[in-house]
Amino acid sequence: MMAGNFIHDIIDDDISEGGRHFGLRVHTRFPPEPNGYLHIGHAKAIYIDFGTAKKYGGLCNLRMDDTNPSKEKTTYVEAIKEDVKWLGYDWDDRFYYASDFFEDMYLFAEELIQKDLAFVCEQTAEEVRLSRGTLTQPGTPSPWRDRDPAESLDLFRRMRAGEFPDGSITLRAKIDMSSGNMNMRDPVIYRIMRATHHRTGDDWLIYPMYDFAHPIEDAMEHITHSLCTIEFEDHRPLYDWVIENCSVPSNPRQIEFAPLGINYTVMSKRKLRVMVEEGIVDGWDDPRLPTLCGMRRRGYTPEAIIKFNQRNGVSKVPSTVEFDFLEFCVREDLNERATRVMGVLDPIKLTIENYPEDMTETFIVDNHPQYPDQGSHEISFSRHLWIERDDFMEEPARKYFRLYPGNEVRLRAAYIVRCTGCKKDEDGNITEVLAEYIPESKGGVAPDGQKVKGTIHWVNRKDCLNAEVHLYDKLFNVEDPDSEGAEYKDLINSESLIVVPEAKLESAIQELESPSGFQFMRLGYFKEDSKLSTPDKPVFNRVVTLRDTYKP
RNA sequence: UGGGAUGUAGCCAAGUGGUAAGGCACGGGACUUUGACUCCCGCAUGCGAAGGUUCAAAUCCUUCCAUCCCAGCCA
């Protein structure tokens, strides 16, 4: 359940006796434009729109805001639906397009003309811009502002009929050219655009502008609360003007909240698009991107994303949440669900010198240390193992309690071993770590209660699985890529993707079912890549590392 | 004297006249067959600033300061 917030305070007033929506069921909508993929900022809006409806036992519609055919594609529609569903929300049969209401909008526009509240303007785009005035100076009225409504009506009908070229004339609301709010300076509400619409095809030559269309869409769907981001705050007077002056069937209220920002990344569709189109990343679903498809591919769970939004809260304060917090939320969720396996990313040989060459044993590893009911799996052990390169130090650092000559360490679930040294090549590089196992410590149990501080992970060289592993890090190396003076493309973290071509994984991973991915013990959470992984060449993405509090 | 918003800890954020919740981060400690998880402890004499009202102010009033958004025939 959503925690209370300022939006709910307003709704509480609206639905109580004497309120604007007294007696009505709370009804919201999520209205993306189908011109790109959804990102985690949209997930916040989805959470607020659907979550608010749910809290009040109301309804939330999914609506494609498709009033600009030059930018919209039907492929995005399906992707958006998939992402919303993935987050766990359902719109039942209430799926709409703004274009469902094109005829209604057209009629409301005629109504405005007849009320002398709109007029056909013959100024060019440039003239409109120049006569709009500036932030501190009022605009000057269009010379066509006072033309006879009957003439505007005739012209408007001929606009629809296709008698005028694209961009030649517009329909404008007649409001106030000297308003301090630029949106009220006789905004254009219809333009001529010969573009094939993804749904209505070539039926229409004129298309409504957002400010005119959106309140009508909301009213036609009987939305009670139209929740959007802060940037639309100064559009609200125009929203209200449309609702008030068109004979729409309901009285929706627009409420604005702060959009989500996360540091070390960018959220704007435009910037994401550039990175995709210039090949800086591997498509819209690149696991480093904050797109929902990217995060899904990376291995984020929808539950973690919802929790993240839940805990961030809803306010009007411009906010940039720390990336750390997102990572905290995924770790918390994956810690509950992920099956534990062992995998070695940077392998070095470990040879158990006193373990027979031809012997193999099998040990049992729990799938989850806290939840025995999640079962266990087998792992094989032999004289020749792989371990993590940094689990051995010839000269141990302070408080290092992994392998170093003379030290005892537990090979998780197998045996305690004592490190006896290492082998090096002629350049002095360590090529192999040597140890002796303690037969009485079978299963990893320390005999005589001896303390073994370090436990490390390992795999059997004989039967481990080779896999490619992608290690991801922050996409940008600065906190706020948007505000840096430099071109944001130059701020990309060159180590945001590190490919490990041949990691060694325990073979059981091929049989284990774990829909939310795996924890590679002591390393992090990993998810098989849905796009690149094949049976012959598995590819795993690192979702997030484990927290690591080791400080030498 | 353009309009609209926003200021509570490093980051989110509760608080609605009764004496600053919570989470993340950070620092300590316990536990541990993952240096994970879990569990304890610490972390704003202070709420953008200054005045004022009040027994009492983050909350009310006044003035000031800072930051963000708006001049698409985009959404």
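1. Contact, as the word is used here, means heavy atoms within 4.5 Å. The structure under discussion is a predicted model, and with that in mind helix 11 is a convenient place to begin: what covers its buried residues includes helix 2, helix 3 (74-86), strand 10 (260-262), helix 10 (292-298), strand 11 and helix 12. The buried residues themselves, within a helix that runs over residues 302-312, are Pro302, Ala304, Ile305, Ile306, Phe308 and Asn309. Helix 11 is followed by glycine 313, whose phi is positive, near 80 degrees.

2. Turning to the nonpolar cores, the largest has 51 residues, and those with the most contacts inside it are Ile40, Val84, Leu87 and Ile305. Helix 2 (residues 40-55) gives this core its largest share, which amounts to eight residues. If residues up to four places away in sequence are not counted, leucine 87 touches Ala43, Ile46, Leu292, Pro302, Ile305 and Ile306. There is also a second, separate core of 38 residues, which includes Ile169, Ala173, Trp204 and Trp241.

3. Helix 1 (residues 6-15) has four names to remember on its buried side, namely Ile7, His8, Ile11 and Asp14. Seen down the helix axis, these buried residues fall within an arc of 115 degrees, so they line one face of helix 1. Asp9 and Asp13, on the other side of helix 1, are exposed. The cover over the buried residues of helix 1 includes helix 2, strand 8 (225-229) and strand 9 (253-257). At the start of helix 1, a side-chain oxygen of asparagine 5 reaches to within 2.8 Å of the backbone nitrogen of isoleucine 7.

4. The protein surface near RNA strand B deserves separate reading. Of the 65 residues around this strand, Ser315, Arg340, Phe401, Gly443 and Gln519 come nearest. By residue type, the surface near RNA strand B divides into 22 nonpolar, 23 polar and 20 charged residues. On the RNA side, 61% of the strand B atoms within 4 Å of the protein belong to sugar or phosphate, and the rest belong to bases.

5. Individual atom pairs show how bases and phosphate are each approached. For leucine 135, a backbone N or O atom lies 2.9 Å from a base nitrogen of RNA strand B, and for lysine 399 a backbone N or O atom likewise lies 2.9 Å from a base nitrogen of that strand. In arginine 547, by contrast, an N or O atom of the side chain is 3.0 Å from a phosphate oxygen of RNA strand B. The elements that give two or more residues to this surface are helix 5 (125-131), strand 6 (188-192), strand 11 (319-321) and helix 12 (323-337).

Definitions and conventions. Residues numbered from 1 in each chain as written. Chains lettered and ligands numbered in written order. Predicted model: local features only at pLDDT ≥ 70, side-chain atom pairs only at ≥ 80, totals over all residues. Heavy atoms only, no water. Core = buried A, V, L, I, M, F, W, Y, C linked by side-chain atoms within 4.5 Å. Buried < 20%, exposed > 50% of the residue type's maximum accessible area, 1.4 Å probe, protein only. Near = heavy atom within 4 Å. Polar contact = N/O pair within 3.5 Å; in protein donor to acceptor, adjacent residues only side chain to side chain. Nonpolar A, V, L, I, M, F, W, Y, C, P; charged D, E, K, R; others polar. Arc of directions from axis to C-beta.
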